[in-house]
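Open the model in your viewer and keep the selection panel at hand. The stops below go from a sheet to two backbone angles.

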Amino acid sequence: MSVVVKAEKVNAGYGRFHIIFDVDVEARRGEILVIVGPNGSGKSTLLKTIFGLTRIYSGRILFEERDITREPPHVRAKLGIAYLPQTGNIFTELSVKENLKMACYGLEASVAEERVREVLEFFPFLWYKLSSKAKTLSGGQRQLLAMAMALIRRPKLLMFDEPTAGLAPKAAKEVVEKILWLREELGKTIIWVEQNARLALEKGDNAILMVSGRVAYRGPARELLADRELGRKYLGVKG
Amino acid sequence: MAILPGITYTLSSLAYAAAIGLLSMGLTLTYLTTRIPNFAHATIGMIGSIVMLLLIDRVFYGSQSWLIYLLGPLAGGVAAAAFSVLMYRAILKPLADRGNSIIGLMIATLAVDIILLNILTLILNVVPGENIPKLIGANIIGFQPKIRVAGVVVDSYTIILPVAALVLATVFHLFLTRTSFGVAMRATIENPDLASAMGVNVNLVYMVSWAFSGFLAGAAGALMAFAFKGVDPAVSALVIVTVFAGSIVGGLTSIYWGLIGGVLVGLAEKLGTTIINNMYRAFLVPSLGLPNISLVNYEKVMSLGLVIIVLLYAPQGLAGVDWESILRRIKRARGGE
Ligand SMILES: Nc1ncnc2c1ncn2[C@@H]1O[C@H](COP(=O)(O)OP(=O)(O)OP(=O)(O)O)[C@@H](O)[C@H]1O
Ligand SMILES: [Mg+2]
């Protein structure tokens, strides 16, 4: 399987705050790469770095073999990377319809119409919410709307930052099912940062464990889940 | 002595309030997009007044044509918008890009305000014009078409200004909700990072917001020219206080509440002060023997007092009030009777 995105010995942070150190990561086409680790270990920073929202001091980011280390976020978005931040991933003050319209920004009108119709088929509940303000959606529905908005641009890689945080178990389950579906049905590559390590490691193919801004484990997700020592020490995974 | 002011005064108060509303709306807009409190905003509106004055001098003197109400605000608005964009692009954006704080940017707008004020005064003094000295010295109210309301001849600008404010606010609302650039503007206000991830050119949105804000100010200034007893750019120093009061009462989080806040503060200054003055003189002076002075010069006490009262009860301004729950409670109280 070909490598979709690759970070090579990346050092990055915010201004003078150096947060991640010598990080090597790669995600292959059609895989789910799970990123776990304690609070503040740099998981979100790693996603932001791949999307171009941090300062990269050294190292390279490659997307489909093209060096994007110096590209701004909107160029990375055009190349096919979607980033769904932990919060603020939809426009709460706009209606659902306007959110979808924003996701189509810059697309030709006929193409936009077709793409919106397509994602409405994937997420039928949005039909009934089109004219509601996005802030009236439940947490789970917001995540699904954010996913729909990302899909409109037909990305090859989707990066989720804690998509189940704060959701009721049922809503979380629905979001997770949708993430698996993105991979199974649409063949998307997924990087998934998750607080609930057991849940994600059971579903993922490969995993990265971040500790204090460094990669402490890299390998099959299930093996990390089975590793008693790492699991107990960093992830609160029992037994 | 009548407590309520007469029709002429009431109409001119409404016109003043509408102009303040337009100014507060524009001030709120650029604050929402670029986080810059623009202290030059009222003087930018004064550009519209000067353009109106020059138009009267060159084109409309003695003609009493209604066309002045279309061309004046349009030309004044465009000139003010041009200055507003220039000020943002050439001064404020470079300063913001170099990491200046909101305080630094605010001081920069004050500096621009002083420079602009001097330029406008210079224009008034050096531009050759047959009638300009007359227009500056006298009240230019005479240079407008007349209109009759309820049997009284009133200054027509007092009718035109509130109507123009409603039209401009409606057009702007349609722009924000019906066009994709307008939706992008609202999206950028809420979350510029996410908007840029959707391919929105956020810097263009910021420039357009300064253009709109300038246009609204210039259009209001052009129509307000008729209210001045002689055009003096320095009145903007007083007006800006009221415009900020209006924006703060509105809450600085919604342009619509900016408009409403500006109108309320404008009304409080004019009608509020006069009504309180009339009551004071009709009741308190004779009964309590208080000094028989006029309170009408204490306009700014009204507007700033309103700011304090609103912020005491609604720290987020009127936009932050949960109006729906208040309406529900009122309905329930009525139903319970
Ligand atoms: N904008 C910022 N400026 C400076 N430091 C930041 C910024 N954002 C995050 N940090 C710091 O970077 C470190 C890593 O934060 P990050 O958000 O990447 O952690 P995380 O692994 O996602 O944590 P969590 O599980 O709590 O989401 C933290 O110490 C945090 O304080
Ligand atoms: Mg995080």
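Two strands count as paired if DSSP finds at least two bridges between them. The model you are looking at is predicted.

**Stop 1: a strand pair.** Select strand S4, residues 55–63 of chain A, together with S5(A). They pair in the antiparallel sense over two bridges. Now pick A:Leu62. Which residue in S5(A) is the bridge partner of A:Leu62? Select A:Asp67 and you have that partner.

**Stop 2: the whole sheet.** Widen the selection to four strands of chain A. They form an open sheet, with the order S2-S1-S4-S5 and antiparallel pairing. Color the edge strands: S2 (17–28) and S5 (66–67) of chain A each pair on one side only.

**Stop 3: the helix on the sheet.** Add helix H1, residues 43–51 of chain A. H1 packs on the sheet and touches S1, S2 and S4 of chain A. Compare directions: that of H1 makes about 70° with that of S2(A).

**Stop 4: two phi angles.** Most residues other than glycine have a negative phi. Go to A:Lys9, in strand S1 (residues 3–14) of chain A. A:Lys9 is not a glycine, yet its phi is positive, about 45°. Buried or exposed? A:Lys9 is partly exposed, at a relative accessible area of 49%.

Next, select A:Ser212. A:Ser212 sits in the loop between strand S9 (206–211) and strand S10 (214–220) of chain A. Phi of A:Ser212 is also positive, near 50°. With 55% relative accessibility, A:Ser212 counts as exposed, because the cut-off for exposed is over 50%.

Key. Residues are numbered from 1 along each chain as its sequence is written. Chains are lettered from A and ligands numbered from 1 in the order in which they are written. This is a predicted model: local features need pLDDT of at least 70, side-chain atom pairs count only at pLDDT 80 or more; totals for chains, interfaces and linings use all residues. Side-chain values use heavy atoms; hydrogens and water are left out. Buried means under 20% relative accessible area, exposed over 50%, partly exposed in between (1.4 Å probe, protein chains only). Contact means heavy atoms within 4.5 Å. Axes are lines fitted to C-alpha atoms, for helices over the stretch in contact, and angles run from 0 to 180 degrees between N-to-C directions.
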